[in-house]
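Morning, everyone. Please have the structure open on your screens. I'll take it one piece at a time.

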Amino acid sequence: MPATVIVGLQWGDEGKGKTTDFLAEQVAMAVRYQGGDNAGHTVVLGDEVFKLRLTPSGVLYPHIACIIGPGVVVNPATLIGELDMLTSRGIDTAKVRVSRNAHVIMPYHVALDRAMETRLDGEKVGTTNRGIGPTYADRASRLGLRMEDLLDETTFRHRLARVLPDKNTLLATMPGTSPFDAEPLVAQAMAWGERLRPHLADTTWLVQDALRRGDHVILEGAQGTLLDIDHGSYPYVTSSSPIAGGACTGGGIGPLQVDEVIGVMKAYTTRVGSGPYPTELTDEIGSGIAERGHEFGTVTGRPRRVGWFDAVALRFAVAVNSVSSIMLNKIDILSGIDEIQLCVAYDIDEQRVDRWPSSAEVLARARPVYERFPGWSEPINGVRTLAELPENARRYVTALEVAAGVPIVLVSVGPERTQTIERAYRPMRHRPTVATG
Ligand code: GDP
Ligand code: IMO
Ligand code: MG
């Protein structure tokens, strides 16, 4: 009963959508396990571009059952919009199931997220303003509303009455906000419930039954390891657990049901929002990468910060996720750079440090120690085998693989599904090992 976890190894936007779509062909079920509509996962199929916020990226295959697990926070308006968008483009959404236990992002969560960010001013997290933090906070405080509450007006009214006065009291202290009336929220919630009723289910049993049948289940993370609430540079993180362990809690499987963890990373790094970023590039090399890589947030349209690849962070991400193999995306974006730099260690307070520091304050003092690699000039979007890659590109891939200590099994050279190099072996079929340097 194999379950495979797909996890972002950087600060999000590593190309998890492309990776999940590429690998999903072989599976029966795809599950999103955390995050909400802060995520934007892009899948490119021929000329068609799909930007998915909540639905797992396996949705484009008609045979796949798509699950939004209990660890996800759902803005029903976004979900309905996404289901309608997919339907209008000929994608069957009948098999999409949303956990009854998933928490609902209410309009007051979005208002609070925005207002709290405004109040933090120079200290802000740089959230996507989707209400993610306030919704997870209510979940932990036992004050949340769950998807199943949308199905019953009496329960919904009761639960809303427990929280709304406190939300309005808090909002009243925040400039630029207005209080929320209960009645419009109830009416809105009941309409959402009516529309989503056929999609709500106890998804944990759906996943467990699939695994018991021997079906292959893929679990797709949102965000990335370095944004993890426990393991990222707090407070510049998201409010959930993108790491592979989050697939267990948020998807409804046990650790021993995970067969393989496929890490997804780009050939460079990006970060949206605030927080320390040792390898950030503020020169024209960085702006060139941002331009060629279209590094603008899928959700907010904000320009993404861009930097060199960080192998210190990679080693941490491989460890904390128990990554078994890697898909490397966007190496095509590095074509045309004379010299590529790879951060292999940090200099912190004049000490060489090989380990990702858990403190944002320490990370802010980290100066990257770089190894330099000669670049390549030619475009590589048409390459389909490792052997056809320019020698310098192959050297760079090998250096990343040695830093990771696990094999890079797939290399992506363009956004489209077929712009992918498969090595002799494929993940989810064999588990090779790699010599560490
Ligand atoms: P996700 O959030 O991890 O799914 O990543 P995003 O979809 O937010 O951002 C990745 C972007 O890079 C998307 O626009 C993808 O279509 C694109 N992309 C993915 N892989 C490649 C690649 O190998 N080369 C290029 N040029 N673009 C890629
Ligand atoms: P995908 O799944 C990149 C970042 C925000 C901010 C921090 C907290 O597409 O990789 P939040 O709205 O979650 O409270 O914001 O996390 N962030 C992402 N960055 N990709 C994402 O998702 C992100 N989701 C949240 O920019 O720094
Ligand atoms: Mg994204």
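How many bridges join β1 to strand β11, and which way do the two run? Six bridges join them, and the strands run parallel. Before I go on, a reminder: this is a predicted model.

Let's stay with β1. It covers residues 3-8, and six of its six residues are buried. Look at where the side chains go. A3, V5 and V7 point one way. T4, I6 and G8 point the other way. Both sets are buried.

Now the neighbours of β1. Strand β11 takes in residues 258-266. There, the bridge partner of A3 is V258. Strand β10, residues 217-220, is also parallel to β1, and four bridges join that pair. In β10, A3 stands opposite V217. A general point for the newcomers: strands of a sheet pair through backbone hydrogen bonds, and they do so either parallel or antiparallel.

Next, zoom out to the sheet. It is open, has 10 strands, and its pairing is mixed. The order is β9-β7-β5-β2-β10-β1-β11-β15-β19-β20. Which strands stand at the edges? They are β9, residues 200-201, and β20, residues 420-422. Each has a single partner strand, so one side of each is left without a neighbour in the sheet.

Here is another pair from that order. Strand β5, residues 65-68, runs parallel to strand β7, residues 96-99, and three bridges join them. Find I68: it stands opposite V98 in β7.

What packs on the sheet? Helix α8, residues 244-251, touches β1, β2, β10 and β11. The direction of α8 makes about 120° with that of β1. Then there is helix α1, residues 16-24. Helix α1 lies across β1, β10, β11, β15, β19 and β20. It runs at about 175° to β10.

On to helices that pack on helices. Take α5, residues 153-172, and α6, residues 182-196. They pack at an angle of about 140°, with their axes 10 Å apart. That makes α5 oblique to α6. The crossing is right-handed. Who meets whom? From α5 come E153, F156, R157, L160 and L164. From α6 come A182, E183, L185, V186, A189 and M190. By class, this contact has eight nonpolar, no polar and three charged residues.

The second helix pair is α3, residues 107-120, with α4. Their angle is about 120°, and their axes are 7 Å apart. This crossing is right-handed. In α3, Y108, H109, L112, D113 and M116 meet I132, P134, T135 and D138 in α4. The classes here are five nonpolar, two polar and two charged residues.

Let's finish on one residue from that contact, D138. Where does D138 lie? It lies in helix α4, residues 132-140. Is D138 buried or exposed? With a relative accessible area of 5%, D138 is buried, because the cut-off for buried is under 20%. Leaving out residues up to four places away in sequence, D138 touches Y108, H109, L143, G144 and K167. One last distance: D138 and H103 are 35 residues apart along the chain, and their C-alpha atoms are separated by 9.0 Å.

That's my tour. Thanks for listening.

How values were computed:
Residues numbered from 1 in each chain as written. Chains lettered and ligands numbered in written order. Predicted model: local features only at pLDDT ≥ 70, side-chain atom pairs only at ≥ 80, totals over all residues. Heavy atoms only, no water. Buried < 20%, exposed > 50% of the residue type's maximum accessible area, 1.4 Å probe, protein only. Pairing = 2+ DSSP bridges. Axes fitted to C-alpha atoms, helices over the stretch in contact; angles between N-to-C directions. Parallel < 35°, antiparallel > 145°, perpendicular 65-115°, else oblique. Left-handed = near helix turned anticlockwise from the far one by under 90°. Contact = heavy atoms within 4.5 Å. Nonpolar A, V, L, I, M, F, W, Y, C, P; charged D, E, K, R; others polar.
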